Amino acid sequence: MTALFAMPALTAKAADGTVWLCLSETRGAQAEIARLPLGADRTFDLSFIHSVSRTPVIDSYRVEGGQVLQTHEVFVAHGAGLPSVANDMDATGWRHEDGRFILEMNRLTGPIPLRIQAEFRNTLTVGGSDLHLADLGHAALTLAPCDEEMSQ
């Protein structure tokens, strides 16, 4: 996982087209904690255990034009805060497959504030690598495309 924390002096979109995702403290100094390169598809997933239903949820995203777009939400049980109808906000499709509900969507999110608790297994997956967010030692993080140049 060391490679996920590489912090080269690159802007949010490098000359080679790489798009970077930044994790920052939500509270306090709002310092940048990690800068992660997204693959050519510019996608990432956030997974967690739902606090009410105690079942896994996976939210999928893509960065387009410097903005975060949620593309899917996958879950196994309805609970508070989870969609329950096909016409949920910005939904483009809804299906039940292999015991999972899959809501397809086209939802702009803006920066994503995350409350981190080890018991809910908050995990960021980028390019097939998992980053367990509780391991970073912060109770709250914000995830967004990087938009500033970093110094070496």
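Which residues form a disulfide, and how far apart are their sulfur atoms? The legends below, which describe close-up views of a predicted model, start from this pair.

**View 1. The disulfide between C22 and C146.** The sulfur atoms of C22 and C146 are 1.8 Å apart in this predicted model, and the structure as a whole has a count of 1 disulfide. The link is right-handed, with 110 degrees about the S-S bond. Because C22 belongs to strand 1 whereas C146 sits in the segment after strand 11, the disulfide ties together parts separated by 124 residues in sequence. Both ends are buried, C22 having a relative accessible area of 6% and C146 a relative accessibility of 3%.

**View 2. The open sheet with strand order 2-1-11-8.** Four strands pair in antiparallel fashion in this sheet, whose edges are formed by strand 2 and strand 8, each of them pairing on one side only. From one strand to the next the twist averages 20 degrees. Strand 8 and strand 11 run antiparallel and are joined by 4 bridges; P113 has T142 of strand 11 as its bridge partner.

**View 3. The largest nonpolar core and the surroundings of L23.** This core comprises 21 residues, and those with the most contacts inside it are L23, F44, L46, I112, L124, L133 and L143. At least two core residues come from each of several strands, including strand 3 (43-49), strand 4 (56-64) and strand 9 (123-126). When neighbours within four places in sequence are left aside, the residues in contact with L23 include I33, L36, L124, L133 and L143, together with E32 and T142.

**View 4. Salt bridges of R35 and R62.** A search of the whole structure finds 4 salt bridges, one of which joins R35 to E32, with the closest N and O atoms 3.1 Å apart. In this pair R35 is buried, at 2% relative accessibility, while E32 is partly exposed at 29%. The side chains of R62 and E64 meet in a salt bridge with an N to O distance of 2.5 Å; here R62 is partly exposed at 25% relative accessibility, and E64 is likewise partly exposed, at 35%.

**View 5. The salt-bridge network of R95, E97 and E104.** Within this network, which links R95, E97 and E104, the salt bridge between E104 and R95 has its closest N and O atoms 2.1 Å apart. E104 counts as partly exposed at 25% relative accessibility, and R95 also counts as partly exposed, at 30%.

How values were computed
Residues numbered from 1 in each chain as written. Predicted model: local features only at pLDDT ≥ 70, side-chain atom pairs only at ≥ 80, totals over all residues. Heavy atoms only, no water. Core = buried A, V, L, I, M, F, W, Y, C linked by side-chain atoms within 4.5 Å. Buried < 20%, exposed > 50% of the residue type's maximum accessible area, 1.4 Å probe, protein only. Contact = heavy atoms within 4.5 Å. Pairing = 2+ DSSP bridges. Axes fitted to C-alpha atoms, helices over the stretch in contact; angles between N-to-C directions. Disulfide = S-S within 2.5 Å.
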